[in-house]
Amino acid sequence: MTELENKLWPPTCSAALLHQRAELYQTIRAFFVEKGVLEVETPLLSAAASCDINLDSFSIDLSDAKKLYLQTSPEFAMKRLLASGSGSIYQIAKSFRQSERGRFHNPEFTLLEWYRVGFNLSDLMSEMVELLMLCFGQNLAFRTVTYQQLFQQLTGLDPHQVSLSDLMAYATTQGNHEASKICAGKLSNGLDYVFSQYVQPKLKKDVVYFVTGYPKCMAMLAKLDDANPITAKRFEVYFNSVELANGYEELTDADEQHQRFQHELMEREQDGLANLPMDKNLLAALAHGMPECSGVALGLDRLLMLMTGTNAIDDVLTFPIDRA
Amino acid sequence: MATYSTSEFKGGLKIMLDDAPCSIIENEFVRPGKGPAFSRVKIRNLKTGRVIERTFKSGESVEAADVMETEMSYLYNDGDFWYFMDDETFEQVSGDATAVGDAAKWIKDQDKCTVTLWNGAPLLVAAPNFVELEVTDTDPGLKGDTSGGGGKPATLETGAVVRIPLFVQIGEVIKVDTRTGEYSARVKS
């Protein structure tokens, strides 16, 4: 086969999908114009990287021996804008995560991320409901449920009480002896594993789930709930068993954020992963003062998959990684 | 020892799992919430035929199984083993009753079978989809009725028993679908 005959040149999505994506972006932009939320653009490359042990950033070597990282989400840069006084903002941004490839993953993907100043988590969830109904052009069934309720109902385990070894024993009785290798001694990994294996696939079809009240160890960049400090003010959206969005009532405390970064870097070291530069600009921005706000990232490729009933992310992308 | 990384997993790949050769049916990459990446894999155990689901840590390597499918001619059986030959290399292999399984009741010498070899020895034998076999015993009394309605049991030259239409008699050759074990047609001699 000569180069001129290669079969990989055309897009993997249909022509109709090009239009559906364009329409979706128009819908989103019109929605936020009406709400007075400002569209912003931040750099894809940053001197800092996410230190999360489960994220694998692409790095770029510059000629002067400096290293930059492709963002895994636009979160840090957008928070710096919030601290600078931007007010509520949104962005449709390419994000990059190495070695994530499958039916629902491409290493380069598109996020819609938005931050609402003065919103608490339930305000933001209501706005998400509005946006989703607009995108799907129809009424949808929504259900808000706590992480604990769902986890307990479908596995019989209480996520706030359970230990990693309980979770691994549960996976073993279900025939997955390798779970402990996957979860690498981390409770939050164990919870994520059991949730994705034994909870997520059992969610009812055609219902949009808002899962709230994540265990403290899965707080990520969310505030803890003062009224119930074993939980974090974080929510995730699941639709037809697909994880669609992740939102926080944002942590604004610079010291707490600094500690969480340091904890992540310590975990990276324990796991033998490369050391990464934490985002000191974000810490400085938080120290300067970021307004109380809630923010969420929504996977637009997956949203398109759900809107169009397609089976794989390649069906909504022009050129997935193997054709890029 | 050849190995495959989870990023190479795809349908049809043959791997070793729990000391048994297995074939991957499908592989799904999972990265839950903010959690660890893994592969959720549906696998068929080629020895037992059982399908199971297992998870593997992303980036983990598993041993490849030396499994290949090849077309071979059936030669004969000596009571314990069934012998097959590669028509190109003339290499012969033998498989026991477990490997030959149901195919044993359909095949006769020179039939072309699909043999799955594991480390060079037959693991599974699939009979041709259709075989032509002579009826060696059936009730001759039930003539006349040609509607083919109920049918009658018949023993074939290999010992297999199938239901055949009433008009087919001892000595005639019939075509059988080995996947369903059903009579398909009478072969004009």
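In the predicted model, the buried residues of helix α9 of chain A pack against two other helices of that chain, α2 (75–83) and α8 (254–270). Within α9, which spans residues 280–288, the buried positions are Leu282(A), Ala285(A) and Leu286(A). These three residues cover an arc of only 100° around the axis, and they are therefore placed on the same side of α9(A). Such an arrangement accords with the geometry of the α-helix in general, in which there are 3.6 residues a turn, so that residues three or four places apart point the same way. Lys280(A), Ala284(A) and His288(A), by contrast, are exposed on the other side of α9(A). The helix is followed by Gly289(A), whose phi is positive, near 125°.

The packing of α9(A) against α2(A) can be followed further from Ala83(A), which lies in helix α2 of chain A. Ala83(A) has 20 other C-beta atoms within 10 Å and is buried, the cut-off for a buried residue being 20 or more. When neighbours within four places in sequence are left aside, the contacts of Ala83(A) are with Ala285(A), Leu286(A), His288(A), Gly289(A) and Met290(A). Among these contacts, Ala285(A) and Leu286(A) belong to the buried set of α9(A), whereas His288(A) is exposed, and Gly289(A) is the residue with positive phi that follows the helix. Leu140(A), which is 57 residues from Ala83(A) along the chain, is separated from Ala83(A) by 35 Å between C-alpha atoms.

A one-sided distribution of buried residues is also found in helix α5 of chain A (residues 164–173), where Leu167(A), Met168(A), Tyr170(A) and Ala171(A) are buried. Because these buried residues fall within an arc of 155° when seen down the axis of α5(A), they line one face of the helix. Ser165(A) and Thr173(A) are exposed on the other side of α5(A). The cover over the buried residues includes α4 (147–155), α6 (179–183) and α7 (187–199) of chain A. Just after α5(A), Gly175(A) takes a positive phi of about 95°.

Of the helices that cover α5(A), α7(A) can be described through the geometry of its axis, since two packed helices are in general characterised by the angle between their axes and the distance between the axes. The axes of α5(A) and α7(A) come within 9 Å and cross at roughly 30°. The two helices are therefore roughly parallel, and α5(A) passes α7(A) in a left-handed crossing. On the side of α5(A), the contact is made by Leu164(A), Leu167(A), Met168(A), Tyr170(A) and Ala171(A), and on the side of α7(A) by Leu187(A), Gly190(A), Leu191(A), Tyr193(A), Val194(A) and Gln197(A).

Helix α7(A) also takes part in the contact between the chains, to which chain A gives 28 residues and chain B gives 17 residues. On the side of chain A that touches chain B, the elements giving two or more residues are α6, α7 and β10 (242–249) of chain A. The largest share of this side, 7 residues, comes from α7(A). For the complex, the predictor gives an ipTM of 0.88 and a pTM of 0.85. The mean pLDDT of chain B is 91, and 95% of its residues reach 70 or more.

On the side of chain B, Thr55(B) illustrates the contact at the level of a single residue. Thr55(B) lies in strand β5 (residues 51–57) of chain B and counts as buried, with 25 C-beta neighbours inside 10 Å. Residues up to four places away in sequence not being counted, Thr55(B) touches Asn176(A), Glu178(A), Ala179(A), Ile182(A) and Gln197(A) of chain A, together with Phe38(B), Ser39(B) and Arg40(B) of its own chain. Gln197(A) is one of the residues through which α7(A) contacts α5(A). Thr55(B) and Asn27(B), 28 residues apart in sequence, are 9.4 Å apart in space, C-alpha to C-alpha.

Most residues other than glycine have a negative phi. Ala65(A), however, has a positive phi of about 70° although it is not a glycine. Ala65(A) is found in the loop between β3 (59–61) and β4 (67–70) of chain A and is exposed, with 6 other C-beta atoms within 10 Å. In chain B, Gln110(B), likewise not a glycine, has a positive phi of about 80°. Gln110(B) is placed in the loop between α1 (97–100) and β10 (112–118) of chain B, and with 9 C-beta neighbours inside 10 Å it counts as exposed.

Terms used. Residues are numbered from 1 along each chain as its sequence is written. Chains are lettered from A and ligands numbered from 1 in the order in which they are written. This is a predicted model: local features need pLDDT of at least 70, side-chain atom pairs count only at pLDDT 80 or more; totals for chains, interfaces and linings use all residues. A residue is buried if 20 or more other C-beta atoms lie within 10 Å of its own, exposed if 12 or fewer, and partly exposed in between; C-beta atoms are placed from the backbone. Helices (H or I, at least four residues) and strands (E, at least two) are DSSP runs, numbered from the N terminus. The arc is that of the directions from the helix axis to the C-beta atoms. Two residues are in contact if their C-beta atoms, placed from the backbone, lie within 7 Å. pLDDT is the predictor's confidence in each residue, from 0 to 100. Axes are lines fitted to C-alpha atoms, for helices over the stretch in contact, and angles run from 0 to 180 degrees between N-to-C directions. Angles under 35 degrees count as roughly parallel, over 145 as roughly antiparallel, 65 to 115 as roughly perpendicular and the rest as oblique. A crossing is left-handed if the near helix is turned anticlockwise from the far one by less than a right angle, and right-handed if clockwise.
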